[in-house]
Amino acid sequence: MTTSFGQSTVLGYPRIGAHREWKKAVEAYWAGTLDATGLEDLAAGLRAEVWRTLRDARLDAIPSNTFSYYDHMLDTAVAVGAVPRRFARLGLGQLDTYFAMARGVDAAPALELTKWFDTNYHYLVPEIDPDTVFAADPAKALSEYAQARDLGITTRPVLVGPATFLLLAKGEDPFARLDDLVDTYARILTTLADAGVAWVQLDEPAYVADRTTAEIDGLRHAYRRLGELPHRPRIFVATYFGDLGDALPALLDTPVEAIGLDLVAGAGNLRRLAAAGPLRGKTVVAGLVDGRNIWRTDLRAAVAAGATVAGLADHVAVSTSCSLLHVPVDLSAETHLDPELSTRLAFARQKVDEVVLLGRALRDGTTSLPAPLPPAPPAWRHDDVRGRLAALRPTDRHRGDYAERAARQQERLGLPDLPTTTIGSFPQTAELRRARAAHRAGTLDDAGYTQRMRAEVEQVIRLQERLGLDVLVHGEPERNDMVQYFGEQLDGFAATTHGWVQSYGSRCVRPPIIHGDVARPVPMTVAWSTYAQSLTDRPVKGMLTGPVTILAWSFVRTDQPLADTADQVALALRDECRDLEAAGIRIIQVDEPALRETLPLRRADQKAYLEWAVGAFRLATSGVADDTQIHTHLCYSEFGEVITAIDALDADVTSIEASRSKMEILDDLAAIGYRRGVGPGVWDIHSPRVPPHHEVVDALRRAVAAVPARRLWVNPDCGLKTRTYPEVEASLRHLVAAAAEVRAS
Ligand code: GLN
Ligand code: ZN
């Protein structure tokens, strides 16, 4: 068959460049120091580099249109003409319209940014309404295909599929527009076929979450229609991040030529495939290499799984479980990692080799596979931590009765109703960043650095006293990042030097790697918190990142259950809480902004997750006395779905992002009988806008109507590290004044 899929492929590849070239270029374009031609040249160079890399690695089937100027959902929105009127009307050129949708301009706020499934990547949410006019605009896919062809490389253009596109969109019943959108995809496919495209990849990951019968019927219907097109490329429907469930038989019931299944995160896919009986005329693209984590694949196990798939379908190809977008580019850039660790790792480039090897092994059955890894080095094991874990009892996750605790805390703290506070960080000024860079480079010694940071803490304390806040923070000037900071101080973690992963747009993160047992050699935050507390009589909150968030924003070992790793982190935090308490800190905040984002996509898996997630938080926070007040902080998500888990955390006070959703969370909390302290955010810190006094008063009045004043806290939505001092001072002044006004009324 000339149009065979091939033996090996990847579903996508990092697009930021080996040295974050893309980030630098696109930011230069936004700053006006690089023009559009310069930007496009750089993009073309990065694309060519990826395709050549994949070809030279002898990957059979190479994707294109996986490059993006900002985000692949946004690219798909443009490809189907879903450009909201507020942007079209700006009269900007194509590229600037695109960036306006991504980043917003004065006259037109950006599309909403939200989490891509349960990953740490964020996509732009398309806006689809009954009057959205779709129009096929496959220019980007066509030009990438042509660019690769001119380099002698045949590629498979990738688009988000129509059903997932609508399921992830917002507006008035977007999914009702499926038939219209399929018309547009039909036009796109025909155009691609005219250009000589043999295969196209349409991504439908939305079907690994629970879907209604109507949504599954929609999927079947859409691909039947696309499948019946007289003139089209062969269609590969890719799914990832979990089990397809009932959507698998629906998809098999269409004329599409290939189906991609995640066999790493979707353990049930294999069973489902077997139940469907032999698949004639279909290629199964087996996602055997984990696209979301950085460990080397157990190739023997993968070959065995691949062989099982081969017994069920006409043809099997090997792939990554999802796009490699979610892992760093190339392990060979990491020259400072412990060799014991680096031999166990595979980044995107190394995963391509694994896929190629597996593809050959499955075809020939003879390829010799590299030896499996020896067991982890003994130095990664902490028997004391393991012993503590084994000895844990349920009471280790329990504190005294909440009402009693609250009374004792109030006695000790003597706070007014509606106490005012902030979430932890104060602005990370250019000067602070410079000091950190100088410290890293060795031009500022430890003593000089500490002195600089202490001076910052003192200023932050004085500012808060001047503003009249009730509960102070030290401002977190010493923290580069709320996870990395702890990773650098805990055993069992490793940091990479180039392990960047795109989070959204030009923003990249460098997640630490948790490879061994987690232990805390020495206290991590006590010196900073006690220094801050020594400067003031008002309570200063200790500030820690919770176990769930630390795991969510790291690459985590897979050789033991996540729950165990979470508990190990929790034990380290528990010791830190105790040390803070012993040093005189009366309030400790343990941030869990990622609690919602790692919630499993299928409801059936959520209970088990919440059990260990809540358990780990409680383990971390229940070692302190009743009169020590534990706060937690949640943000970046809608928390409605995990509302009972928030209560189960058993924190004394929860601060939670609420200003954009107009305090809805308070109703949700009231509905479950939540009776602890709560601080709904009254200042949207994601925007440079200073909330006017009356707006904060309004928000607080709404809040007081839902929660008794004695349990209500007044705080911003999140930390202030991305804001400037003038914004912070003005906004906090309004916050404190508004609290006083509402208190008095
Ligand atoms: N304490 C952290 C800060 O204020 C919390 C950040 C977060 O929730 N993302 O920066
Ligand atoms: Zn936050």
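**Exercise 1. Place Asp591 in this predicted model and decide whether it is buried or exposed.**

Start with the secondary structure: Asp591 sits in strand β16, which covers residues 587-591. Next, count neighbours. There are 25 C-beta neighbours inside 10 Å, and the cut-off for buried is 20 or more, so Asp591 counts as buried. Finally, look at who is around. Setting aside neighbours within four places in sequence, Asp591 is in contact with Met482, Thr545, Gly546, Thr549, Thr632 and His633.

**Exercise 2. Work out which UniProt "binding site" group holds Asp591, and how its members are arranged in space.**

An unreviewed UniProt entry lists Ile423, Gly424, Ser425, Glu476 and Asp591 under "binding site". They're spread over 169 residues of sequence, yet they cluster in space, with a largest C-alpha distance of 13.0 Å.

Now take Ile423. You'll find Ile423 in the loop between α16 (402-413) and α17 (430-441). It is buried, because 26 other C-beta atoms lie within 10 Å. Beyond residues up to four places away in sequence, Ile423 touches His633, Ser655, Asn715, Pro716, Cys718 and Gly719.

Then bring in the ligand. Around ligand 1 there are 13 residues, and Ile423, Gly424, Ser425, Pro593 and Gly719 come nearest. Sorted by class, that shell has six nonpolar, four polar and three charged residues.

**Exercise 3. Take the other UniProt "binding site" list, with Lys115 and Arg507 in it, and say how exposed these two are.**

The unreviewed entry gives Arg20, Glu21, Trp22, Lys23, Lys115, Arg507, Cys508, Trp553 and Glu597. This set is spread over 578 residues of sequence and also in space, up to 28.5 Å between C-alpha atoms.

Lys115 belongs to strand β2 (residues 113-115). With 17 other C-beta atoms within 10 Å, Lys115 is partly exposed. Leaving out residues up to four places away in sequence, Lys115 touches His122 and Glu597, and Glu597 is itself on the list.

Arg507 belongs to strand β12 (residues 507-509). Its 11 C-beta neighbours inside 10 Å fall under the exposed cut-off of 12 or fewer, so Arg507 counts as exposed.

**Exercise 4. Trace the seven-stranded open sheet: what is its strand order, and which strands are at the edges?**

The order is β1-β4-β5-β6-β7-β8-β9, with parallel pairing. At the edges are β1 (62-64) and β9 (313-320), each pairing on one side only. Neighbouring strands are turned by 30° against each other on average, ignoring direction.

Zoom in on one pair: five bridges join β7 (residues 258-262) to β8 (residues 279-289). Ala258, for instance, has Thr283 in β8 as its bridge partner.

Last, add a helix. Helix α6 (residues 139-150) lies across β1 and β4, running at about 160° to β4.

Key: Residues numbered from 1 in each chain as written. Chains lettered and ligands numbered in written order. Predicted model: local features only at pLDDT ≥ 70, side-chain atom pairs only at ≥ 80, totals over all residues. Near = placed C-beta within 6 Å. Nonpolar A, V, L, I, M, F, W, Y, C, P; charged D, E, K, R; others polar. Pairing = 2+ DSSP bridges. Helix = DSSP H or I, 4+ residues; strand = E, 2+ residues; numbered from the N terminus. Axes fitted to C-alpha atoms, helices over the stretch in contact; angles between N-to-C directions. Contact = placed C-beta atoms within 7 Å. UniProt positions renumbered as here; feature names shortened; annotations may be inferred.
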